[in-house]
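Q: Please take a close look at a few individual side chains in this model. I should like a connected account of where they sit and what surrounds them.

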Amino acid sequence: MGSFSYRDFIQKLVYVVVDPLLRLFLRLHITPNVVTVIGLLGNAVAAWLFVEAAFHIAASPQEAASLTLWGGIVILLAGLFDMMDGRLARLGGLSTKFGALLDSTLDRYSELLTLSGIAMLLLRAGDEWLWAGAMAFAAITGSMMVSYVRARAEGLGLDCKVGLMQRPERVVVTALAAIVSGITGSLVWLAAGMTVIAVLANLTALWRILYCRRQ
């Protein structure tokens, strides 16, 4: 219960800030699906920044660090749009089954893009960072499985929202790891972030399987 309490508290704080913007969106007839697509495009830009950093890491580590910093910032901004689409749908009475499907699907694409970009950056950083690249791929696997287990469970009529590393946590860890790595010029932070997600996301997927078994 504690996990849901702190997430609800943070969500309420964010909504205080974004609700006036969402009301403007409603007046401009901007739909939740449009906001969802904007979130995907933002994450695609972040992924591109990480790929650019990967190609600059050998010749210009300072430029790669700057690109990594901006990649983290863009992930945070895109994450706000990920939160706003559902809130906009509720405020405007615009919730649809297709919108829910589109949101979930594009969320998966967003994570695949950003984590793949980070994996490329770590793999191109040198042999000493190959393990971190492997952690990024493990993070991708865990992230996808967390979402898959929930979707499969709900398709069977089971409630399955437990776990430590759900999407909001993964977004925050990824963004902060990239930002701190960019500021410090050290990939240690990015590698640490990928390791945290790899371990906790896969444990969350296992947790959900066992939770469903108990149900």
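A: The following account takes three polar residues in turn, describing the placement and surroundings of each. The model is a predicted one.

Asn43 belongs to helix H2, which spans residues 32-56. Because its relative accessibility is 4%, under the 20% limit, Asn43 counts as buried. Its side chain has a polar atom 2.9 Å from the backbone oxygen of Gly39. Beyond its neighbours within four places in sequence, Asn43 is in contact with Ile75, Ala78, Asp82, Ser110, Leu113, Thr114 and Arg167.

Ile75 leads on to the second residue, for Thr174 touches Ile75 and Asn43 is in contact with Ile75 as well. Thr174 lies in helix H6, residues 167-184. With a relative accessibility of 5%, Thr174 is also classed as buried. A polar atom of the Thr174 side chain lies 2.8 Å from the backbone oxygen of Arg170. When residues up to four places away in sequence are set aside, the residues that Thr174 touches also include Leu115, Ile118, Met194 and Ile197.

Met194 and Ile197 are among the contacts of Thr174, and helix H7, which covers residues 188-214, holds the third residue, Arg208. Arg208 is buried, since its relative accessible area is 2%. Arg208 and Val149 are 59 residues apart along the chain, yet their C-alpha atoms are separated by 6.8 Å. Val149 is also one of the residues that Arg208 touches outside the four-place window, along with Val146, Arg150, Cys160, Lys161, Val162 and Gln166.

Terms used
Residues are numbered from 1 along each chain as its sequence is written. This is a predicted model: local features need pLDDT of at least 70, side-chain atom pairs count only at pLDDT 80 or more; totals for chains, interfaces and linings use all residues. Side-chain values use heavy atoms; hydrogens and water are left out. Helices (H or I, at least four residues) and strands (E, at least two) are DSSP runs, numbered from the N terminus. Buried means under 20% relative accessible area, exposed over 50%, partly exposed in between (1.4 Å probe, protein chains only). A polar contact is a pair of N or O atoms within 3.5 Å; within protein, one must be able to donate a hydrogen and the other to accept it, and residues adjacent in sequence count only if both atoms are side-chain atoms. Contact means heavy atoms within 4.5 Å.
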